[in-house]
Amino acid sequence: MAKALEGIRVIDLTVWFQGPVSAQYLADFGAEVIKVERPQGGDQGRGVRSIKSLPVGDWNQYFLVINRNKKSIAIDLKTEAGREILYRMVAKSDVFLSNLAPEMLESWGLSYEKLSSINPQIVYATNTGYGRFGGASKPAFDMTVQALTGAMARLGEPSEPPVYLGMGSGDAYGGVMSALGIVLALYQRRRTGRGQYLDASLYGAQLFLAAPWLQSFLGGHRDAALQHSRKRAENPLWNLYPSAGKWIFLCEPNEDERFTALCRALDAPSLHADPRFASAALRAQHNEALIEVIEAHTLKRDHAALMGAFVSESVVASPVNNLADVVRDEQAWQNKYFMKAYCEEVQREVEVRGLPVTLSKTPGEINSLGPQLGQDTELLLMDLLGYEWDEIEALKSARAIP
Amino acid sequence: MSRALEDVVVLDLTQQFCASLSAAFLADFGARVIRLDVPPARLASDGKWNHEADLIHRNKESLALDPSGERGRALLHELVAKADVILTDWQRDELAALGIDYAGASALRPDIVFGRISGFGPVGADADLPAIDELAAARTGMMPILQQPGQPPIYTGAGAMHATVMLAFGVVTALMHRQVSGEGQAVDVSLFGANMYGAALDIQAFLAIGEGERFLNPISRLDVSNPMSGSLYPSADGRWVTLTMPDTDRWWPVFSAAVGIAVDDPRFDTHDKRTETHRLELIRELEQAFQKQPGSHWRTVFQEKQMSADVIEQFDYPANDPQVLANRYILELDHPSFGKIKSLGFPIFMSDSPARLERLAPCVGQHGPQVLHELLGYPEQTIHQLRAGGVVA
């Protein structure tokens with residue numbers, strides 16, 4: 001089947017999460033992604049052994065999933081000969097992507113100025129922590145950057161601690177933002193023949209994680225920055241409710257007809273006639289009382305019984321599932337949001353996050369999970385870069401390659 | 001100067017924030033995005049700045065069209081035939097009723113790239129459930145574990161924002177394929193899938209490991225897996241501090257000095273002791289240590305020692321952060337009606353074809369005559385008739 005990004009070659013000099021996941025999007029759609037790693041240990045993500053204090057098991061899903069469909073070349077970029085290899089790759093590639101610090105890239109002779117002098121058509125993409133401008137210089141990890149955006153501080157019940165949006169939430173977002181920038185630049189380049197450099201920073205992306213609320217704050221709504229209690233939701237019909245089992249997310253507009261249907265589903269048919277709740281405006285005014293009343297009813301039944309009643313009254317709601325439910329969710333498997341892939345490391349099929357962007361004629365694919373460190377080094381040196389065998393031996397003795 | 005998408009015409013048939021913003025991202029990079037404002041009309045903002053519209057509809061043109069009659073529907077089909085891309089978040093039956101679902105649209109324009117945000121993906125029993133982010137987030141498994149134990153589940157809204165960028169990525173990727181092959185296609189991004197990718201690590205870990213109470217129940221911040229990573233501590237002035245120093249061996253000498261613990265304290269002198277055998281003890285020590293100084297002190301210390309740690313801020317911080325303004329993540333604007341304002345800017349920097357703010361949100365129907373003339377070649381008289389007949393506003 002055709003691949004949307006066939007013929008695009010990407011140099012992927014990235015570590016940990018944001019950069020690798022950005023290149024993963026390109027690789028899933030058929031770009032040839034060559035991961036460049038240091039010979040000693042490679043990408044630090046290879047070293048992840050536990051998540052939430054739980055051992056990752058016999059295969060490192062942290063690394064292998066976001067580096068799928070990629071090749072790996074091991075080069076010591078601190079050596080002159082190593083940099084020469086990379087320069088030859090740049091001459092034959094379309095994209096250079098890195099989430100290393102710009103100062104580090106500069107010191108290794110990998111600035112945009114240098115690489116574009118070798119290949120003026122190169123699309124040079126960085127994933128900085130805080131952007132190309134402004135001079136901020138400090139380490140950037142997902143959660144410490146998310147902390148600055150205000151996205152954490154608005155979540156949770158009032159006076160509870162701020163809430164992290166989930167492990168890797170900002171990295172994943174920065175990754176797809178970077179992938180978008182790269183395909184924009186590539187699309188333009190096919191027309192103009194010109195390369196350029198781009199940056200999708202962790203901070204810049206994460207500011208959009210809470211865009212509706214941040215924009216509202218900028219528009220003068222100061223309380224958009226603050227925590228809000230579900231006990232005071234403006235529309236009690238659009239709110240979280242506990243049941244005797246799981247929580248339920250009820251998603252109905254505050255309209256008389258919907259409220260009547262909800263009352264029937266809750267087996268409280270006279271509730272809609274309660275004078276406190278008789279109109280949309282009254283329900284908003286007496287929101288705290290109504291939330292208490294609804295909650296008293298939802299707590300009487302478990303989520304399965306409640307959902308049954310909601311479905312029969314066409315009330316829009318969902319149980320709040322946990323991860324054990326999600327990994328069995330047929331809808332996710334049928335749409336290939338989860339897939340099975342063969343893992344060389346353990347010689348069996350494993351279950352992985354699949355393809356969240358569905359293209360009907362050039363769908364993404366998973367052909368292999370993450371590469372072994374340097375597995376393609378010699379082949380790429382010979383076939384792609386035209387090195388002779390004795391030159392490769394010389395590179396080895398110069399410790400440019402392992 | 002060339003723009004990345006200057007040869008792309010996009011029809012924007014969107015209702016929700018996340019889908020409209022996706023079209024705005026394409027407009028930021030030069031696509032001609034024509035928003036079809038169909039009845040019921042957008043609400044006026046009663047004299048206040050419509051901050052939402054000026055973000056999610058910036059750089060767009062607006063054509064107000066009523067597709068319910070025969071002439072309106074024919075006009076809609078003529079527009080589709082001239083479009084390179086449709087972006088929509090309508091339900092499939094709504095699109096089909098107007099003859100512009102993917103089958104209908106591609107019959108009018110065979111190489112169209114048809115981008116849609118769905119609720120739960122293009123196939124499966126739940127494919128046509130409403131596209132409501134809260135419903136999708138509830139199915140993603142993360143809501144019961146983000147909060148502290150005993151607290152209600154957390155809806156973040158971040159899943160819809162992932163969908164925004166994923167859809168734009170999918171559409172441009174499909175345009176790349178069209179550039180080479182001349183072939184269009186349908187692009188689907190669901191709120192369900194986007195929420196799952198937004199929750200990248202936990203879901204993948206659970207898929208692989210298949211069990212673990214720490215994936216199914218909230219973890220107290222006083223029981224965090226690594227006291228020096230992913231942790232939260234209150235400071236003296238109530239502002240919270242967070243740390244990401246997973247490699248504790250590397251950081252311990254400088255970190256222990258900063259928080260006033262002896263570097264050779266035998267309870268904490270190895271990574272294993274810090275993260276396993278004396279983990280809870282270290283958390284308690286840090287809980288006390290951080291409460292001795294206010295947030296501003298900790299920020300200074302973290303910055304001086306280049307530690308991977310920071311203070312948790314509210315929206316006023318990025319709104320006034322020179323770093324944010326220098327990178328145009330937030331723009332300072334002189335609004336024609338409301339004076340000096342700030343509005344979310346551009347998360348992607350491109351050196352040769354940067355995103356631009358060429359106009360704020362259009363008024364409903366502002367560009368009707370222009371679009372009909374430039375795109376469809378209608379003479380003035382026809383346009384006048386369409387307006388008189390209520391087909392366009």
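**Salt bridges and a helix crossing**

In this predicted model, a network of salt bridges links Lys138(A), Arg239(B), Arg299(B), Asp310(B) and Glu313(B).

Colleague: Happy to start there! Which residue meets Arg299(B) in a salt bridge with an N to O distance of 2.8 Å?

Modeller: The pair links distant parts of the chain, 11 residues apart. Arg299(B) sits in helix α14 (residues 295–304) of chain B, while its partner belongs to strand β9 (residues 309–311) of chain B. That partner has a relative accessible area of 2% and is therefore buried. The residue is Asp310(B).

Colleague: Thanks! How many salt bridges are there over all chains?

Modeller: The rule asks for a side-chain nitrogen of Lys or Arg within 4 Å of a carboxyl oxygen of Asp or Glu. Over all chains, the count by this rule comes to 54.

Colleague: Let's look at Arg139(B) and Asp126(B). How many residues apart in sequence are the parts that this pair ties together?

Modeller: The closest N and O atoms of Arg139(B) and Asp126(B) are 2.9 Å apart, and the two form a salt bridge. Arg139(B) lies in the loop between α6 (133–138) and α7 (158–181) of chain B, and Asp126(B) in the loop between β5 (113–118) and α6 of chain B, so the pair ties together parts whose separation in sequence is 13 residues.

Colleague: Is Arg139(B) buried or exposed?

Modeller: Buried means under 20% relative accessible area. Asp126(B), at 22%, therefore counts as partly exposed. Arg139(B) has a value of 11%, so this residue is buried.

Colleague: And in the pair Arg267(B) and Asp265(B), what does Asp265(B) count as, buried or exposed?

Modeller: These two form a salt bridge, with the closest N and O atoms 2.8 Å apart. Arg267(B) has 25% relative accessibility, so this residue counts as partly exposed. Asp265(B) is at 13%, and therefore counts as buried.

Colleague: Now to chain A. How are α1(A) and α7(A) oriented to each other: parallel, perpendicular or oblique?

Modeller: Two packed helices are described by the angle between their axes and the distance between the axes. Here the axes of helix α1 (residues 18–28) and helix α7 (residues 169–192) of chain A come within 7 Å and cross at roughly 45 degrees. The crossing is right-handed. The two helices, α1(A) and α7(A), are therefore oblique.

Colleague: Lovely. How many nonpolar residues does the contact of α1(A) with α7(A) have?

Modeller: From α1(A), residues including Val21(A), Tyr25(A) and Leu26(A) meet α7(A) residues, among them Ala172(A), Val176(A) and Ile182(A). By class, the contact of α1(A) with α7(A) has 1 charged residue, 5 polar and, to answer you, 8 nonpolar.

Key:
Residues are numbered from 1 along each chain as its sequence is written. Chains are lettered from A and ligands numbered from 1 in the order in which they are written. This is a predicted model: local features need pLDDT of at least 70, side-chain atom pairs count only at pLDDT 80 or more; totals for chains, interfaces and linings use all residues. Side-chain values use heavy atoms; hydrogens and water are left out. Helices (H or I, at least four residues) and strands (E, at least two) are DSSP runs, numbered from the N terminus. Buried means under 20% relative accessible area, exposed over 50%, partly exposed in between (1.4 Å probe, protein chains only). Axes are lines fitted to C-alpha atoms, for helices over the stretch in contact, and angles run from 0 to 180 degrees between N-to-C directions. Angles under 35 degrees count as roughly parallel, over 145 as roughly antiparallel, 65 to 115 as roughly perpendicular and the rest as oblique. A crossing is left-handed if the near helix is turned anticlockwise from the far one by less than a right angle, and right-handed if clockwise. Contact means heavy atoms within 4.5 Å. Ala, Val, Leu, Ile, Met, Phe, Trp, Tyr, Cys and Pro count as nonpolar, Asp, Glu, Lys and Arg as charged, and the others, Gly among them, as polar.
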